[in-house]
Amino acid sequence: MTPTEITPVSVLFDLAKRQCGVSHKELATMLLSGRPLSDGRSPQSRVDDRTWVSRFIVHAPVGTLTDRYFCDYTVGALRLAARMKSRSKRALSGEAILDIVCGEAGRAMDDALRVHGQNPALYRNMLARIACEGSLSADERAEVALVLLVTAACTADVRRAVAEARDFADTAHGGGLVTPPPTLVSAAAYAGSAAADDSPRWLGLLRVMNGLVTGAPQWLEPTVTGSEIGALALTEGAANEVGPDVSGAHARIWCDETGAWWVEGLDSRHGTVLVSGVSGEETVVEPPRGQREGWHPAPIPLAVGDQLRLAASTTFLVIEGYPC
């Protein structure tokens, strides 16, 4: 298959078969809806038709599959979890399921999402949150990870998948996913370039590690509503290429009517510091939680050449330019 033929749902079916011993027919039975389509037959009634399942589900082009083909995504994910844990031969533990979804085998989903215009960084950030969530057992974390995987595969919509998994973690297991402790991590690879035109300049965030710029800018549109920076930020235009100790919604950057840029904290766990590109002076945008006595939140002006330090893992150099 060419890269564009590798869809998120085909990756899900391949992972289930190769890594978990769940056949295409078994998985289709768990995921497909019993509601009739326009021809009067339900997807569930066609699970014995291998050609139909392959053509219209497993290898269906992104955009042709809609919610009507599937049961509730969380229900389907929990069915898959139960099947993986109850296999007669080599039943999988919660830890083993997490290793599959979060590990090297699961990276195929990142690639499929990227090919089809989705943000794999947001998807991977959510998996990192799930994997290290200490308040949940391994079995509970495996369930949340499968909700994320199944929803991302069936909808090809990462933001929807993250929202579904977060809601499931909160309602089913009584708590959200917290920001991990500070840690320095390697940067992800980026691809992209910038091209100038007559439109207003955008603000770019260049990741800096060990004094070196890593990857391409993450571009923020010059609007008064602004853009969020965060590991799990779901708003349109959010910057997600961050380290694991950056909060889900960490900071907001916007451009006012005069063209000036501003940054403010969003109640992040580990805080944000701005370093002036002119003087080197450090300004606390938002202290870490527990260190905010006497501090009053206020937007901080942001200029080209400044650096933003988010938690311990992520430093951005601020530039201006134009996205592709």
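**Group meeting talk: a pocket, a core and some salt bridges**

Hi everyone, let me start with a pocket. Sorted by class, the residues lining the second largest pocket are seven nonpolar, four polar and six charged. One thing to keep in mind throughout: this is a predicted model.

So how big is that pocket? The volume of the second largest pocket comes out at about 250 Å³. Its lining is made of 17 residues, and Arg166, Leu177, Thr179, Gly248 and Ala249 are the ones nearest the centre.

Now to the interior. The largest nonpolar core counts 83 residues, and within that core Tyr123 and Ile253 have the most contacts. Which helix gives the most to this core? That is helix H8, residues 138-155, with eleven residues.

Let me stay with isoleucine 253 for a moment. If we set aside neighbours within four places in sequence, isoleucine 253 is in contact with a long list of residues: Leu203, Leu205, Leu220, Gly226, Ser227 and Ile229, then Trp261, Trp262 and Val263, and finally Leu302 and Leu308.

Helix H7 is worth a look too. Asparagine 125 sits in helix H7, and is it buried or exposed? With 12% relative accessibility, asparagine 125 counts as buried, because the cut-off for that is under 20%. Not counting residues up to four places away in sequence, asparagine 125 touches Ala231, Leu232, Asn240 and Val242.

Follow the chain onward and you meet serine 137, in the loop between helix H7 (120-131) and H8. Serine 137 has a relative accessible area of 35%, which makes this residue partly exposed. For a sense of distance, take serine 137 and glutamate 281: they are 144 residues apart along the chain, and 44 Å separates their C-alpha atoms.

On to the charged pairs, which I suspect many of you were waiting for. How many salt bridges does the structure hold? There are 17 salt bridges, and I'll pick a few.

First, aspartate 39 pairs with arginine 46 in a salt bridge, where the closest N and O atoms are 2.1 Å apart. Aspartate 39 is partly exposed at 49% relative accessibility, whereas arginine 46 is buried, at 10% relative accessible area.

Next, aspartate 67 and arginine 160 form a salt bridge whose closest N and O atoms are 2.9 Å apart. Aspartate 67 is in the loop between helix H3 (50-58) and helix H4 (73-85), while arginine 160 belongs to helix H9 (residues 158-173), so this pair ties together parts 93 residues apart in sequence. Both partners are partly exposed: aspartate 67 has a relative accessible area of 36%, and arginine 160 has one of 33%.

Then there is lysine 85 with glutamate 143, another salt bridge, with 3.9 Å between the closest N and O atoms. Here lysine 85 comes from helix H4 and glutamate 143 from helix H8, so the pair ties together parts that are 58 residues apart in sequence. Lysine 85 counts as partly exposed, at 26% relative accessibility, but glutamate 143 is buried, with a relative accessible area of 19%.

And one group to finish: Asp267, Glu286, Arg289 and Arg292 are joined in a network of salt bridges.

To recap, helix H8 came up more than once: this helix gives eleven residues to the largest nonpolar core, and it holds glutamate 143, the salt-bridge partner of lysine 85. Thanks for listening, and I'm happy to pull any of these residues up on the screen.

Note on methods
Residues are numbered from 1 along each chain as its sequence is written. This is a predicted model: local features need pLDDT of at least 70, side-chain atom pairs count only at pLDDT 80 or more; totals for chains, interfaces and linings use all residues. Side-chain values use heavy atoms; hydrogens and water are left out. A nonpolar core is a set of buried Ala, Val, Leu, Ile, Met, Phe, Trp, Tyr and Cys residues joined through side-chain atoms within 4.5 Å. Buried means under 20% relative accessible area, exposed over 50%, partly exposed in between (1.4 Å probe, protein chains only). Helices (H or I, at least four residues) and strands (E, at least two) are DSSP runs, numbered from the N terminus. Contact means heavy atoms within 4.5 Å. On a 1 Å grid over the protein atoms alone, a cavity is a set of points where a 1.4 Å probe fits but cannot get out, and a pocket is an open set with protein on both sides within 12 Å along at least five of seven lines; lining residues have an atom within 4 Å of a point. Grid points are joined across faces, edges and corners, and a volume is the space filled by probe spheres set on the points. Ala, Val, Leu, Ile, Met, Phe, Trp, Tyr, Cys and Pro count as nonpolar, Asp, Glu, Lys and Arg as charged, and the others, Gly among them, as polar. A salt bridge is a side-chain nitrogen of Lys or Arg within 4 Å of a carboxyl oxygen of Asp or Glu.
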